[in-house]
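Please open the structure in your viewer and keep the selection tool at hand. The tour moves from one selection to the next and describes what is found at each stop.

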Amino acid sequence: MNVPFLSLKDITAKYKDELHEAVIRVTDSGWYLQGNENKVFEDNYAKYIGTKYCVGVANGLQALELMIRACKMLYGWNDGDEIIVQANTYIATILSISQNNLKPILLDPNSETLELEPETIEKAITDKTRGVMLVHLYGRCLYNEKIDEICNNHNLKLFEDNAQSHGCCYNGNRTGSLGTVAAHSFYPGKNLGAFGDAGAITTNDKEIADLVRVLGNYGSSKKYVFDYIGENSRLDEMSAAVLDVKLRHLEDDNNRRKQIAKMYYKGIKNPAIKMPSILSAEKNVFHIFPIFTKKRDELQSYLKENEIGTIIHYPIPPHKQEAYKEWNNLSFPVTEKIHEQELSLPMSPTLSDEQVQWVIECLNEWK
Ligand SMILES: *Cc1c(COP(=O)(O)O)cnc(C)c1O
């Protein structure tokens with residue numbers, strides 16, 4: 001039985017009629033940027049996340065970069081000021097900090113929960129620390145009240161990288177509404193994915209929202225008048241229309257992901273395979289279902305022979321990348337182990353029970 005890691009074709013096919021209607025509507029409208037589709041999606045997404053404001057931008061990296069840039073400008077941060085962030089994240093999180101001439105302070109997460117621990121954060125705070133970036137990696141909520149308290153006590157901004165966790169909750173409040181401002185990616189493979197690059201920020205802070213919108217529109221608040229040295233980072237109308245359709249189905253899609261995860265947790269019994277600690281249902285939207293094993297590459301080939309698609313998230317941690325040569329000698333043992341042992345199982349709302357069962361059977365038979 002063939003089990004793809006993720007079939008975007010199947011996901012699109014599931015909502016084909018609504019998506020076609022939206023694409024044709026935008027095509028026929030003759031209006032492709034900064035129009036009504038953006039306004040509708042921004043309103044609906046802000047409502048869904050539970051923030052006052054949502055600003056669409058061109059992709060997730062720019063959402064991260066612009067939200068930090070806006071805070072750096074509004075709060076008068078200096079080059080070299082520090083943002084605390086977990087060492088095990090996708091490179092975009094780190095890039096957005098260093099592109100703002102701020103210094104990412106990398107920290108190892110807890111090896112069982114994959115969470116950044118409040119005590120670890122507190123120890124890393126210096127007089128240059130300006131913010132903490134929480135990355136809800138794999139769809140797992142990393143927020144807790146202790147972290148919020150630390151940020152309040154030390155006057156730090158709390159950023160969320162919500163690229164992998166659309167729909168995730170903490171005590172009924174969605175990730176993306178828990179800190180000062182959050183960045184979202186709608187890269188096609190994310191839980192809420194567009195037909196190309198797309199992103200957004202969400203916040204309750206009007207100043208931040210307004211500034212991100214201006215910075216992403218060439219630094220212009222009025223046509224041909226430029227207040228800042230801005231950039232071009234806008235959500236196009238086609239993407240906004242597609243996202244608005246898929247947003248309507250996000251809860252159902254996430255619920256199916258949760259069912260699949262439950263099957264994996266229940267079914268996988270191979271002692272050579274470790275799964276991350278189980279969170280309460282609302283705190284995980286399973287963007288990725290990671291497993292950990294010492295013979296990761298062998299397992300990946302074995303699954304491939306059985307027509308099961310997997311991906312490694314991610315093979316090399318940011319501090320071991322050529323782009324960050326100056327960090328190559330730093331040591332983050334937990335992060336390094338995660339990158340050595342991680343393998344992501346097929347996870348898509350379109351997988352059938354039979355497909356999931358087949359993955360489980362193959363894993364249990366693996367020696
Ligand atoms: C996907 C992703 C991003 C970047 O989003 P893009 O839209 O691809 O630029 C940032 N952070 C994390 C954790 C991601 O998974």
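Begin with the second largest cavity, which has a volume of about 40 Å³ in this predicted model. To display its walls, select Gln86, Asn88, Leu114, Val135, Leu137, Tyr138, Arg140 and Leu142, the residues that line it. When this lining is sorted by class, five residues are nonpolar, two are polar and one is charged.

How many cavities of 30 Å³ or more does the structure hold? There are three of them. The next stop is the largest cavity, where about 50 Å³ of space lies. Select Leu6, Leu8, Ile11, Pro188, Gly189, Lys190, Asn191, Gly193, Lys246, Asp253, Arg257 and Pro349 to see the lining of this largest cavity. Then colour two helices: H1, which spans residues 8-14, and H10, which spans residues 250-267, each supply at least two residues of that lining. By class, the lining of the largest cavity comprises five nonpolar, three polar and four charged residues. Keep Lys190 selected, as this member of the lining appears again at a later stop.

Turn now from cavities to pockets. The second largest pocket has a volume of about 250 Å³. Its lining can be shown by selecting Gln34, Arg213, Val214, Asn217, Tyr218, Ser220, Ser221, Lys222, Lys223, Tyr224, Phe226 and Arg234. Which elements each supply at least two residues of this lining? They are helix H8 (206-215) and strand E10 (220-222). Strand E10 provides the largest share, three residues. The classes in the lining of this pocket are represented by four nonpolar, four polar and four charged residues.

Proceed to the largest pocket, in which about 540 Å³ of space lies. Its lining consists of 29 residues; select Tyr90, Gln164, Tyr187, Lys190 and Tyr314, which lie nearest the centre of the pocket. H4 and H5 are the elements that give two or more residues to this lining. Of the elements, H5 gives the most, with four residues. In terms of class, the lining of the largest pocket contains 16 nonpolar, nine polar and four charged residues.

What takes up the space of the largest pocket? Display the ligand: the space it takes is the largest pocket. Around the ligand stand 15 residues, and the closest are Gly60, Asp161, Gln164, Ser185 and Lys190. Highlight helix H4 (60-75) and helix H5 (91-98), each of which supplies at least two residues of the shell around the ligand. H4 contributes the largest share of this shell, three residues. The shell is made up of eight nonpolar, five polar and two charged residues.

For the last stop, select the ligand together with three of its closest residues, Gly60, Gln164 and Lys190, and display the distances to its oxygen atoms. At Gly60, a backbone N or O atom lies 2.7 Å from an oxygen atom of the ligand. At Gln164, the partner is a polar side-chain atom, which lies 2.8 Å from a ligand oxygen atom. At Lys190, a polar side-chain atom is placed 3.0 Å from an oxygen atom of the ligand. Finally, show the surface of the ligand. Taken alone, the ligand exposes 380 Å², and the protein buries 91% of that area.

Key: Residues are numbered from 1 along each chain as its sequence is written. This is a predicted model: local features need pLDDT of at least 70, side-chain atom pairs count only at pLDDT 80 or more; totals for chains, interfaces and linings use all residues. Side-chain values use heavy atoms; hydrogens and water are left out. A residue is near a molecule or strand if one of its heavy atoms lies within 4 Å of it. A polar contact is a pair of N or O atoms within 3.5 Å; within protein, one must be able to donate a hydrogen and the other to accept it, and residues adjacent in sequence count only if both atoms are side-chain atoms. Accessible areas come from the Shrake-Rupley method with a 1.4 Å probe; for residues, only the protein chains shown count as cover. On a 1 Å grid over the protein atoms alone, a cavity is a set of points where a 1.4 Å probe fits but cannot get out, and a pocket is an open set with protein on both sides within 12 Å along at least five of seven lines; lining residues have an atom within 4 Å of a point. A molecule sits in a cavity or pocket if more than half of its atoms lie within 2 Å of its grid points. Ala, Val, Leu, Ile, Met, Phe, Trp, Tyr, Cys and Pro count as nonpolar, Asp, Glu, Lys and Arg as charged, and the others, Gly among them, as polar. Grid points are joined across faces, edges and corners, and a volume is the space filled by probe spheres set on the points.
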